[in-house]
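Hi,

Here is the model I promised to pass on. Have a look at it first, and then read my notes underneath.

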Amino acid sequence: MTTILRLLGGRLEWLICLGVFAALLLVVLPLAFNGYFLNLLGRYLALAFVAIGLVMCWGYGGMLSLGQGVFFGLGGYAMAMFLKLEASTPEATARQSTPGIPDFMDWNQLTALPWWWEPFNSFSFTLAALLLIPAAVAYVFGYALFKRRVSGVYFAIVTLSLAAAMSILIVGQQGYTGGANGITDFQTLLGWDITTDSARYVIYYICVFLLLGCILLGQWILSSRAGRVLIAVRDEENRVRFSGYSVEDFKIFVFMVAAVFSAIGGAMYALQASFISPSQVGIGLSVELVVLCAVGGRFSLLGAAFGALLIKTAEMYLSDLFPQLWTILFGLILLVVVLAFPKGLAGLYELTRDYALAHFGSSQSDAAVEEHADKRSLHGREEGFLVRAKRILGGIR
Amino acid sequence: MVANAQLLLSIEDLAVSFDGFRAVDGINLYLNEGELRVIIGPNGAGKTALLDLVCGKTRATGGSILFRDKQLRGMTENQIVHAGVGRKFQAPSIYESLSVFENLELTYPKGRNVIGSLFFRRTSEVEERIQATADMVGLGDRLEDLAGLLSHGQKQWLEIAMLLIQDPQLLMLDEPVAGMSQAERQQTAELLNRISQDRSVLIIEHDMKFVEQIASKVTVLDQGKVLAEGNIDRVKNDERVIERYLGH
Amino acid sequence: MQHSNWRKSIAALTIAALAGAGASSVGANEEYPTDEVNTTGLAVTDDTVEVGILHSLTGTMAISETGSVEAEQLAIRQINESGGVLGRQIETEVEDGASDWPTFAERASSLLESDDVAAVFGCWTSASRKAVLPVFEENNGLLYYPTFYEGLEASPNVFYQGQEATQQIIAGLNWVHEKENADTYYLIGSDYIWPRTSHAIARHHIENELGAKVVAEQYFPLGHTNFRSAINQIRLKNPDVVYSIIAGDSNVSFWSQLNSAGINADNQTVLTNSVTEDEVKAIGAENVEGHYSAMKYFQSLDNPHNKEFVEEFKEMHGEDSVIGDVTQAAYLGPWIWKRAVEKAESFDVDKVREAARGMEFDDVPEGYVRVHEENQHLWSKLRIGQWQSDGTAEVVYESDLIEPDPFPEDVDIDPDEME
Amino acid sequence: MGGYTTSEIATIMAMQGIAGLSLFGVFLLMALGLAIIFGQMGVINMAHGEFLTLGSYATYVVATMFESYAPGLFSYYFPVAIVLSFLVAFGVGYLLEYGLVRHLYKRPLDTLLATWAVGLIMQQIFRSIFGGRGVSADAPDWLQGSIQLSQMLFLSRSDLFVMCIAIAMTVIVSILLYRARWGMRVRSTTQNRAMANAVGINTAKVDRNTFALGCGLAGIAGSAFTTISATTPTAGAQYLVDTFLVVVLGGAASLLGTVASAFSIAQAQSILEFFITGSMAKVLTLMVVIGIIMLRPQGLFTLKVRQ
């Protein structure tokens, strides 16, 4: 236990929050919702993968990527290609002029499977591809951009353009990609019928465990020395550089991690939505994901994941009730967050907790410790956690 | 200058220009192991630009920078640091939101690549080394404090300590005593004399009194060129130096 | 109006239903007991039945889909006024697909799995239909899809009220070929499946059946606003016929740029199957005047059913509203479902589907349609309308009834090959 | 090249060159406002496209009013519409700067998010007022038809009109920036806020006016665009990526660079469009521009300066 605590930077409070979040996802939601809604929540959780990637890349690394949809799409399309090939058996596609290839290829007068589709018949290749291809793309772009010291704003624009180009490309090459319709209609995964209710539960749990795994991995990275290097880069980039660090390597690294997380999310999305299309690649989704991350808390992995789930769930209910007003409300929420709560929901949680602690059962000296901790900490939470955790335990005692 | 076995840094015909403006224009400079050299000169003489070129912050347009047997031109900043060159900036450049200890820990010369940093652990060896280095600059009892809370002088010393912990063979300091009180200057002079026993030090400084306290040899730059070089007393009486820089 | 005629054919039934509706307010539906007409757990009570409408109310597609929602609501209101279906009033659950295909799939699941609706009227783009199709097939739901589209689909869970590509294309090409004695064709479209598939069919027909030549085939992204290159190509290639399948707002740029480049009906024949009255309202009649659209329905159709329909539509949705091809097709949806339910005397999807096949309608605004026995598309006519300066179309040609053929044989030209 | 003869290629190049010029006018006009806001102030205004749309709707409203109340003067509605578009966009931009953007100058990436939210809200407001359907005002007579340059070469009047406005605006902006005192204030504020304040420049006012001017220019662009395309709530947003790329490729702080890059991108896309599909031409152009920005992030036309 102590080893785990140390690995995670000894943040007891963080672990408690993680536990609560895990309990919500693993116990409360499956009990509260039926298979249909759980499937929807699973799709929203797929977006949470991208949000936690953005926390690392944007919140810590200072690189705002407006093109995370590209990686989400790469993962989603890789998974979709595999599922589509499995669904396109010669028997199922017997009425096509070329049976055995995906339906949209047949409609587009393709008479054979393109060579680069072939490897996606293999599940292990697909898994490898959906992790490695986004990582490789992120590496190439990261290398080209960061080695030339492309700064935040420019980086945002370049990644935004990348997302635009990618979605136009997919739409334009519809014989190979399914075009604007995307790739739909999956039936089985390795022979297992994924359309049943029980399969939905299983996939939901896989999604949750992967998400929790990514959060743990992310937190481990952020609380290691690499995480402090990223903070230091934001504080005083030159000093880091002249302390012998290759700042670019660290930026490329988190960008790649964020890309891989996004790709996992994309694959989980394709699996749960039975569907992937260029709108999951383009500008709209890419920017929306940044918004989800900002609302949840750009400095907090848990906050961002929770924010993505909360906002999308709210959207599901509210946009149905007030289709016109929802868009405006969504914009206003974002404005309020940016202006008043740059730390998002996670920051709001901290404020509430601090307020509660300050007013209920804490002594003057504790408040002083708290204040000191806040001053010491970068986001009012970095180092304060230990102190606070100690005090919470002290209070319990 | 005569090359000999103890030569640490040899800069030859070094030049850089920004859109035609030749900030450094064919400078030659040789530095021995264990030497402390002060660079003086009027504003815009190319002093800071020279340090920038050596540490890789700007790219030279001509000439060579040999550090021991290595050509520093073309190397990235971090490679130059790994080769054994440390650079302190004019304004204190430290991580204000981290503690003094963490500032020093982050510059500890292990685990500076991505993988290494992920698995970096705070061992007792690291802690001892940090304590020793902090003691050296007089911050031994401030380790737990937030770096942002230090005084200006202390911040400068912290930055020097951050360089020292990497044990560089060449330390380059850009106006280390600017903005310091007289007492702090005195302490800094002592510190510099102490640390230059084990390594070469290159300092940019304006304060001639301070220069006299620490230097035996100075190089005077003007308009991107070396104007004079040699013993402090000789340079002080050089007419061109008086005319161009020391003034009346 | 519609029901006045229909009432004749199902008079007894309707009167019985009206009586039933009156009685059912105090007791069970005696003529059609709920447990007999609904054996699969749909949202049917003794006096109501729930259906869904699933279109984009927000987002970029809202503009196109609004007309369909209005038409479906009109039809449902008329049905309710005439006594409902099997004595039950239709209650409508309207869902917003928000111009986002995954959202369509979500809402479709919600309608079928949570609300258990008896039928869904909805979708507009092919992409949204493709997205919801697995949902309908898994849950054995019923979708009534109003848009003319590329074909290549015949799901037992969908009734297609719009024309598939061959119905819209072949007769139109034959007509223009004969009229212009055309040797060369220039094909232009928006870059997605409907224009591309349609052009593949058109190219095949032009080259193999008409013995003419396609001089170029050009695609632009949806929403594209700069057609000057295309206009230059038209000028350079000087085709006898320009065949356009440009969708949505791009039409405004295409037609106005064409017009201001001096290409108009006097010197160039342009045939399109993507411009209805809805588009003309935005394009401006002066830009399309004299050009031709191939559609199965125009608002100006001269028959009593259509006159009545147009009148009631304008009464409900405003004098300024226009009715395009898709709007009329959307209006058919609830009626086809109602008649099939009453023929089957059941809301069960399988029975409704069986009953609908081969069913004839001779009192709809477009004249006469028949549900195809196998592919559940409609037999319908194709009309060529020439646009007038007031934004209406004058029908200059009307085909015979055309059989829907969503899977045309041997259309195998590679659309990426330009020449 | 697809079996064209040499003389045909020459004709195509000339025709596409003219088509490219029209596109150049479009790109330049929409990039001008951004060149000021992004180039001079370093602020990313994601709602830039919505200001364009705002100008288009303002023009549509003016045209409708003329049609109803002064049909005899309909031919002359455009000058009124342009001025009004500018004023409306300027005013909204002014308020946006005052209410929002000025609080975020130290957080450029947050400005990006906040203005994106504003864009979203504006789109929805447009949709509520004007409906989702595209609207377009009839062009006045003098903007219809085209001028024949040779047998194959035509230049439509509306394209010429857009181009003229683009060039006029460029001239005005360059005079403002490089000849007038105002430009000096803008540049000194951007380069050293504290010093500018110290020498008596009201930097807050300079910021507000600069931002509002950029928005106003977008409004004029929107007004001019009503002659070539329909106005929908998302019409302006479609141009956003192109606009940013034009400004970035040109080098953010350089007006000349913006002009040059608008020209290059327009010509490249135009020529490509003739030989491959419009979609692929767009992808190819985007990728090439991204590639160039990766190789030369400071833009094509920026001088190398000492940090």
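Below is what I found, going from the chain contacts to the domains and then to chain B. One caveat before anything else: this is a predicted model.

**Where the chains meet**

Five pairs of chains touch, and the pair with the most contacts is C and D. At that interface, 37 residues of chain D are in contact with 29 residues of chain C. If you want to find the chain D side on screen, the elements giving two or more residues to it are helix H1 (6–40), strand S2 (154–156), helix H5 (157–178), helix H10 (255–275) and helix H11 (278–295). H1(D) gives the largest share, seven residues. As for character, this side of chain D has 22 polar residues, ten nonpolar and five charged.

Chain D also touches chain A: here 30 residues of chain D are in contact with 35 residues of chain A. On the chain D side, helix H4 (108–130), helix H9 (240–250) and H11 each supply at least two residues. The largest share comes from H4(D), with 13 residues. What is the make-up of the side of chain D that touches chain A? It divides into 23 nonpolar residues, five polar and two charged. It's worth setting that beside the side facing chain C, with its ten nonpolar and 22 polar residues. H11 of chain D turns up on both lists, as one of the elements on the side touching chain C and as one of those on the side touching chain A.

And which two chains have no contact, with their closest C-alpha atoms 39 Å apart? Those are chain B and chain C.

**Domains in chain C**

Chain C is split into domain 1 (2–163 + 301–379) and domain 2 (165–295 + 382–398), so please note that each is made of two stretches of the chain. The centres of these two domains, taken over C-alpha atoms, are 31 Å apart. Their contact takes 15 residues from domain 1 of chain C and 15 residues from domain 2 of chain C. On the domain 1 side, helix H4 (62–81) and helix H14 (325–344) of chain C each supply at least two residues. That side of domain 1 comes to seven nonpolar residues, six polar and two charged.

**Domains and overall form of chain B**

Chain B is also assigned a domain 1 (1–84 + 170–189 + 200–248) and a domain 2 (93–167). Their centres are separated by 26 Å, again over C-alpha atoms. The contact between them uses seven residues from domain 1 of chain B and six residues from domain 2 of chain B. On the domain 1 side there are three nonpolar residues, three polar and one charged.

Looking at chain B as a whole, its secondary structure comes to ten helices and ten strands. Along the principal axes, the C-alpha atoms fill a box of roughly 55 × 40 × 40 Å. The radius of gyration of chain B is 18 Å, which agrees with a compact globule, because a globule of 248 residues would have a value near 18 Å. Of those 248 residues, 47% count as buried. Finally, among contacts in chain B between residues at least 6 apart in sequence, 64% join residues at least 24 apart.

Cheers

How values were computed:
Residues are numbered from 1 along each chain as its sequence is written. Chains are lettered from A and ligands numbered from 1 in the order in which they are written. This is a predicted model: local features need pLDDT of at least 70, side-chain atom pairs count only at pLDDT 80 or more; totals for chains, interfaces and linings use all residues. Helices (H or I, at least four residues) and strands (E, at least two) are DSSP runs, numbered from the N terminus. Ala, Val, Leu, Ile, Met, Phe, Trp, Tyr, Cys and Pro count as nonpolar, Asp, Glu, Lys and Arg as charged, and the others, Gly among them, as polar. Domain bounds come from an automatic or database domain assignment. The radius of gyration is taken over C-alpha atoms; the globule rule is 2.2 Å times the number of residues to the power 0.38. A residue is buried if 20 or more other C-beta atoms lie within 10 Å of its own, exposed if 12 or fewer, and partly exposed in between; C-beta atoms are placed from the backbone.
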